[in-house]
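Please open the structure in your viewer and keep the selection panel at hand. The stops below are meant to be taken in order.

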Amino acid sequence: MSKIRWSRVAINLTVLALIVIWTVPTLGLFITSFREKQAIFNSGWWTAFTDPQGAFTLDNYEKVLFGGDGLANAFLNTLAVTIPAVVIPILIAAFAAYGFAWLKFPGRRILFITMVALLVVPLQIALIPVLKAYLAIDLNGTFLAVWLAHAGFGLALATYLLYNYISQLPKDLIESAALDGASHFTTFRKLILPLSMPALASFAIFQFLWVWNDLLVASTFLGSDKEVQVMTQALVSMTGSRGQDWQLLTAGAFVSMIVPVLVFLGLQRYFVKGLLAGSVKG
Amino acid sequence: MQQAAEAPPPQGIAQVVATGMGRVLVSIFVPVVAFVVLWAGFLFLKDSGAPKLVIVVVAIVWGIGGVAMLYVVANWLTEKLPPVWYSRILPFVFVGPAIAILAFYLLVPAVLTGWGSLFDATGEEFVGLDNYVYSFSNPDMVTAIRNNVLWLVFGTLFSTGMGLAIAVLVDRSRLDRVAKTLIFLPMAISFVGASVVWRFVYSFQPEGQPQIGLLNAILGSFGVGPVSWLTSEPLNTVLLIVILIWGQTGFAMVIISAALKGVPDEMLEAGRIDGATEWQVFRRLIVPTIWPTIVTVATTIAILTLKIYDIVIAMTNGNFNTQVIATLMWKQAFTFFDAGRGSALAVILLVAVTPVIWYNLRQFRGRAI
């Protein structure tokens with residue numbers, strides 16, 4: 001009996017240690033973002049409470065948001081890039097998922113298999129030709145360019161996720177709608193879309209986190225213009241130009257994390273459901 | 001229903017022609033209007049100098065409204081067709097736009113990139129396999145491939161292994177909910193943000209100055225001098241991989257933990273009654289049962305490690321021999337404007353994930369579609 005109790009204590013201690021290891025780096029970032037520059041360089045953040053060399057301050061946030069790094073502007077740009085990039089592909093993917101799940105047509109199998117193959121294709125393969133096409137129609141450097149690129153790159157995953165859900169809806173439901181005289185279009189609009197809300201939500205969270213946290217697509221199609229750059233770009237340029245300005249870097253990093261972390265904590269249930277529905281993205 | 005059964009009222013020839021013409025005109029007119037509206041939205045979004053908020057709102061309306069309109073009009077047109085053609089065309093109304101977009105953004109570019117990899121920097125002169133010869137002989141590139149192998153092996157092994165271990169441990173602990181959330185949380189953070197977190201952990205000050213990076217401070221408390229972590233090769237790549245492991249272990253843990261719930265308790269109890277130790281139960285019963293899930297998780301992370309880009313850019317910008325294939329690809333293509341070499345590197349990345357694509361497809365063959 002006591003052996004079991006001891007192993008339980010050991011397990012709890014190990015888990016506690018894991019929690020500490022996983023959390024401490026972020027905690028350090030968080031505390032440092034509220035310390036004054038002098039204090040940051042004179043002592044480790046872990047001494048901030050025991051040996052206060054300077055009071056805590058909000059200056060770092062003010063400087064990084066509204067100073068030369070212009071993170072407030074980058075924050076707005078990130079919002080502007082993310083919301084439409086999540087919204088645009090959803091309907092297109094839902095229609096395609098219904099088509100693959102409930103309509104019969106020649107080439108259905110091969111088209112679907114092609115899409116599954118595209119799921120994990122590294123998007124690097126597409127960057128150069130898509131950029132050339134964008135340059136030809138003078139689209140590069142606009143939000144539209146990035147929205148459409150994210151929509152394109154996210155569509156295979158979206159269709160696949162929604163297909164997994166929509167194809168599992170009861171067959172009787174769709175057949176009885178057809179018997180009542182509903183066309184496929186009406187069935188889709190009145191029946192399938194409302195029923196698929198959980199799946200749409202989990203894709204939306206995926207795409208949100210993916211786009212918000214993306215660096216590659218933004219650097220390629222938005223370019224380095226400060227006026228339109230997103231937060232990941234702004235942070236990377238800060239690590240290059242002012243890699244030792246920890247008071248700004250830590251505050252900036254925290255600003256970039258806060259929204260996805262809130263979305264994640266609030267909607268974790270849908271996110272996990274989406275993960276479990278089988279999702280690998282290229 | 002009844003109306004359709006009634007005989008149509010007698011009509012004059014002129015009237016029949018007029019309604020026919022009218023229908024054709026409407027059938028042309030409506031799609032043209034829809035197209036013009038969509039195109040106008042596109043042009044506005046492309047060139048407008050309007051405030052960001054306005055552009056975003058227009059984009060959302062355009063994205064949902066415009067796309068919905070596209071389908072409504074296409075469906076409306078299809079319904080005008082004779083029933084045989086209606087059922088032939090309708091599926092393509094549903095899947096057509098998705099196929100077209102995937103073709104434009106992935107399929108066709110993949111072919112173009114493959115073709116472009118056989119040309120020189122400007123894309124004008126055919127150079128055969130020169131870009132590939134360069135890719136496998138240039139010392140930078142050889143280092144990048146070595147680094148990608150390190151990423152693949154260590155990143156995949158540790159993220160999956162620790163995910164499995166933690167999933168098993170946490171389920172037996174009282175701290176399970178807190179632990180799961182906190183270990184899963186880094187999934188929400190961008191690799192760029194995670195890199196800033198860890199740059200601070202690895203931070204290095206010359207000897208004699210206070211060490212503000214956690215790692216050097218810990219070393220210092222044991223009396224060991226500070227190490228410039230990010231410039232010591234090949235340790236630096238391993239330290240970058242730690243960031244990936246920190247981010248992805250939670251993913252592995254959540255998926256594997258869900259699979260663990262599906263392992264029947266009776267089976268485990270039977271094993272224990274037969275005298276198996278906990279380790280044997282884990283090794284002989286639990287792991288084989290959830291093996292397919294472990295493979296899925298490992299492949300997902302493996303793909304991620306092959307394409308890794310953000311962490312390297314944000315930590316070292318590829319300096320101190322930390323470069324990987326994806327960072328070199330971007331540099332060749334968009335810093336040195338060498339489309340040929342960039343394309344060749346992209347193709348190498350694609351080839352590296354091909355086994356996974358093949359595996360996915362094989363998994364899929366068993367399913368009915």
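The tour goes from the contact between chains to the domains, then to a helix pair and finally to some backbone details.

Bear in mind throughout that this is a predicted model.

Begin by colouring the two chains separately and selecting the residues at which they meet: chain B brings 88 residues to this contact and chain A brings 91. On the chain B side, select helix H4 (residues 83–116) of chain B, which supplies the largest share of the side touching chain A, namely 18 residues. If you then colour this side of chain B by residue class, you will find 68 nonpolar, 13 polar and seven charged residues.

Stay with chain B and select its domains, which the domain assignment gives as domain 1 (9–116) and domain 2 (131–365). The C-alpha centres of domain 1 and domain 2 of chain B are 43 Å apart, and the contact between these domains involves four residues of domain 1 and six residues of domain 2. On the side of domain 1 of chain B that touches domain 2, one residue is nonpolar, three are polar and none is charged.

Now move to chain A and show helix H12 (residues 231–241) of chain A together with helix H13 (residues 246–266) of chain A, whose axes are 10 Å apart and make an angle of about 165 degrees. Because angles over 145 degrees count as roughly antiparallel, H12(A) is described as roughly antiparallel to H13(A). The crossing of H12(A) and H13(A) is left-handed. To see where they meet, display Met231(A), Thr232(A), Leu235(A), Met238(A) and Thr239(A) from H12(A), and opposite them Leu248(A), Leu249(A), Gly252(A), Ala253(A) and Ser256(A) from H13(A). By class, this contact of H12(A) with H13(A) has six nonpolar and four polar residues, with no charged ones.

Return to chain B for the backbone, and centre on Pro234(B), in the loop between helix H9 (214–221) and helix H10 (235–261) of chain B. The peptide bond leading from Glu233(B) into Pro234(B) is cis, its omega being near -5 degrees.

Next select Asn317(B), in the loop between helix H13 (310–315) and helix H14 (325–335) of chain B, where phi is positive, near 55 degrees, although the residue is not a glycine. Asn317(B) counts as partly exposed because it has 16 C-beta neighbours inside 10 Å.

End at Phe337(B), in the loop between H14 and helix H15 (339–365) of chain B. Phe337(B), likewise not a glycine, has a positive phi of about 50 degrees. Is Phe337(B) buried or exposed? With 11 other C-beta atoms within 10 Å, Phe337(B) is exposed.

Methods: Residues are numbered from 1 along each chain as its sequence is written. Chains are lettered from A and ligands numbered from 1 in the order in which they are written. This is a predicted model: local features need pLDDT of at least 70, side-chain atom pairs count only at pLDDT 80 or more; totals for chains, interfaces and linings use all residues. Domain bounds come from an automatic or database domain assignment. Two residues are in contact if their C-beta atoms, placed from the backbone, lie within 7 Å. Ala, Val, Leu, Ile, Met, Phe, Trp, Tyr, Cys and Pro count as nonpolar, Asp, Glu, Lys and Arg as charged, and the others, Gly among them, as polar. Helices (H or I, at least four residues) and strands (E, at least two) are DSSP runs, numbered from the N terminus. Axes are lines fitted to C-alpha atoms, for helices over the stretch in contact, and angles run from 0 to 180 degrees between N-to-C directions. Angles under 35 degrees count as roughly parallel, over 145 as roughly antiparallel, 65 to 115 as roughly perpendicular and the rest as oblique. A crossing is left-handed if the near helix is turned anticlockwise from the far one by less than a right angle, and right-handed if clockwise. A residue is buried if 20 or more other C-beta atoms lie within 10 Å of its own, exposed if 12 or fewer, and partly exposed in between; C-beta atoms are placed from the backbone.
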